[in-house]
Amino acid sequence: MQIFIDTANTEEIKKYYEMGFVDGVTTNPSLIAKENNKPFKKIIQEIVSIVNGPISVEATADKASEIVKQGIEYQKIHKNIVIKVVMNEEGLKAIKELNKKDIKTNCTLIFSANQALLAAKAGATYVSVFVGRLDDAGNEGIQVIKDTTQVFKNFGIKSKVISASIRNPIHVIESAKAGADVATIPFDVLDKMIKHPLTDKGIQKFLDDWKKVKK
Ligand code: E4P
């Protein structure tokens, strides 16, 4: 399973990209808005200069024609940019048009396997299932990942399933077991995935014992 980092903060991206496990980045308007008024284009330019992999940038227009225009503009920033398009009627039309122009898309705000199927049929490169928000609403987010990966497998659908809106390390491992192609993970969850109290205890013991060894 590929790991994307779900943030627009370049310090967080740098920190984890250096560790070698980050394959790409996803942003959204809310994540960009957290970056203290830093200009949008500057943020994206910095991210593409750090990470050599797919970087999702969300189109914010309502109408399909406007989404397509934004998509073409964003793609000019860097070839690795993937256009995030919301899951609705206009979004589906835009995905179809962007696909015709060979521009990669990530259909976002997906909450059912049916939505994922339609986005894939429209030509989405990625479909982002919001696992955490489903759980928050009393649904089973991971079940939607399982359903989507099964449907895509049954019909040889090439769109990649992103497990998004990840809230904890269990979401990550359950997404991997369910066959998600990608998990896009916020920095605090990545931090929890790296650390384990028994690892820290083990490191301390090895260091203490090493001090006792005659050198
Ligand atoms: C996906 O690409 C989104 O950026 C993200 O996972 C949304 O997660 P949230 O529910 O934590 O806002």
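**Entry 1: Ser165**

I started at Ser165, which I found in the loop between strand E7 (160–164) and helix H9 (169–177). This is a predicted model, and I keep that in mind for every entry below. The backbone caught my eye here: Ser165 has a positive phi of about 55 degrees, although it is not a glycine. Buried or exposed, I wondered about Ser165? The relative accessibility is 8%, so Ser165 counts as buried.

**Entry 2: Asn36**

I then looked up Asn36, another non-glycine with a positive phi, here about 45 degrees. Asn36 sits in the loop between helix H2 (29–33) and helix H3 (40–50). I read off 71% relative accessibility for Asn36, so this residue counts as exposed. My jotting for the pair: Ser165 is buried, whereas Asn36 is exposed.

**Entry 3: the whole chain**

Time to step back. I counted up the secondary structure and got eleven helices and eight strands in the protein chain. Along its principal axes, the C-alpha trace spans about 70 × 40 × 30 Å. How much of the chain is buried? Of the 215 residues, 46% are.

I also checked the surface. The accessible surface of the protein chain is about 11,800 Å², and carbon and sulfur atoms account for 54% of that.

Next came contacts. I took those between residues at least 6 apart in sequence, and 55% of them join residues at least 24 apart.

Last for this entry, charges. The chain has 32 positive and 26 negative ones, and their mean positions are 4 Å apart.

**Entry 4: the core**

I went looking for the inside. The largest nonpolar core holds 56 residues. Which of its members touch the most others? I noted Ile81, Ile83, Ile110, Ala119, Val127 and Ile185. Apart from that core lies another one, of seven residues, including Phe4, Tyr126, Ala164 and Val182.

I picked Val127 for a closer look at its contacts, leaving out residues up to four places away in sequence. Val127 touches Asn106, Cys107 and Ile110. Its list also includes Ala116, Ala119 and Ala120. Further along the sequence, Val127 touches Thr148 and Phe152, as well as Lys160, Val161 and Ile162.

**Entry 5: Ser56**

Asn106 turned up again when I looked at Ser56. Ser56 is found in strand E3 (residues 55–58). I found 2% relative accessibility, so Ser56 is buried. What does Ser56 contact, neighbours within four places in sequence aside? I wrote down Val25, Thr26 and Thr27, then Val82, Lys84 and Asn106.

**Entry 6: aromatic pairs**

I searched the whole structure for aromatic pairs and came back with four. One of them is Tyr16 with Phe21, a tilted pair with 6.1 Å centre to centre and 50 degrees between the planes. Tyr16 is buried at 2% relative accessible area, whereas Phe21, at 26%, counts as partly exposed.

Phe111 and Phe130 are also a tilted pair, with centres 5.7 Å apart and 55 degrees between the planes. Where do these two lie? Phe111 is in the loop between strand E5 (105–110) and helix H6 (113–122), and Phe130 is in strand E6 (residues 126–130), so the pair ties together parts 19 residues apart in sequence. Phe111 is partly exposed, with a relative accessible area of 31%. Phe130 has 7% relative accessibility and counts as buried.

**Entry 7: Ile194**

Tyr16 and Phe21 came back when I moved to Ile194. Not counting residues up to four places away in sequence, Ile194 touches Tyr16, Met19 and Phe21. Ile194 itself sits in helix H10 (residues 187–194). I read a relative accessible area of 44% for Ile194, so it is partly exposed. I also checked Ile194 against Pro169, 25 residues apart along the chain: their C-alpha atoms are separated by 9.7 Å.

**Entry 8: Ile72**

My final stop was Ile72, in helix H4 (residues 64–77). At 29% relative accessibility, Ile72 is partly exposed. Which residues does Ile72 contact, leaving aside neighbours within four places in sequence? I found Lys101 and Ile103. The C-alpha atoms of Ile72 and Ile103 are separated by 7.7 Å, with their positions 31 residues apart along the chain taken as the sequence separation.

Key
Residues numbered from 1 in each chain as written. Predicted model: local features only at pLDDT ≥ 70, side-chain atom pairs only at ≥ 80, totals over all residues. Heavy atoms only, no water. Core = buried A, V, L, I, M, F, W, Y, C linked by side-chain atoms within 4.5 Å. Buried < 20%, exposed > 50% of the residue type's maximum accessible area, 1.4 Å probe, protein only. Contact = heavy atoms within 4.5 Å. Helix = DSSP H or I, 4+ residues; strand = E, 2+ residues; numbered from the N terminus. Areas by Shrake-Rupley, 256 points an atom, 1.4 Å probe, with all protein chains shown as cover. Lys, Arg positive; Asp, Glu negative; His and termini not counted. Charge placed at Lys NZ, Arg CZ, Asp CG, Glu CD. Phe/Tyr/Trp six-rings, centres within 6.5 Å; stacked < 30°, edge-to-face > 60°.
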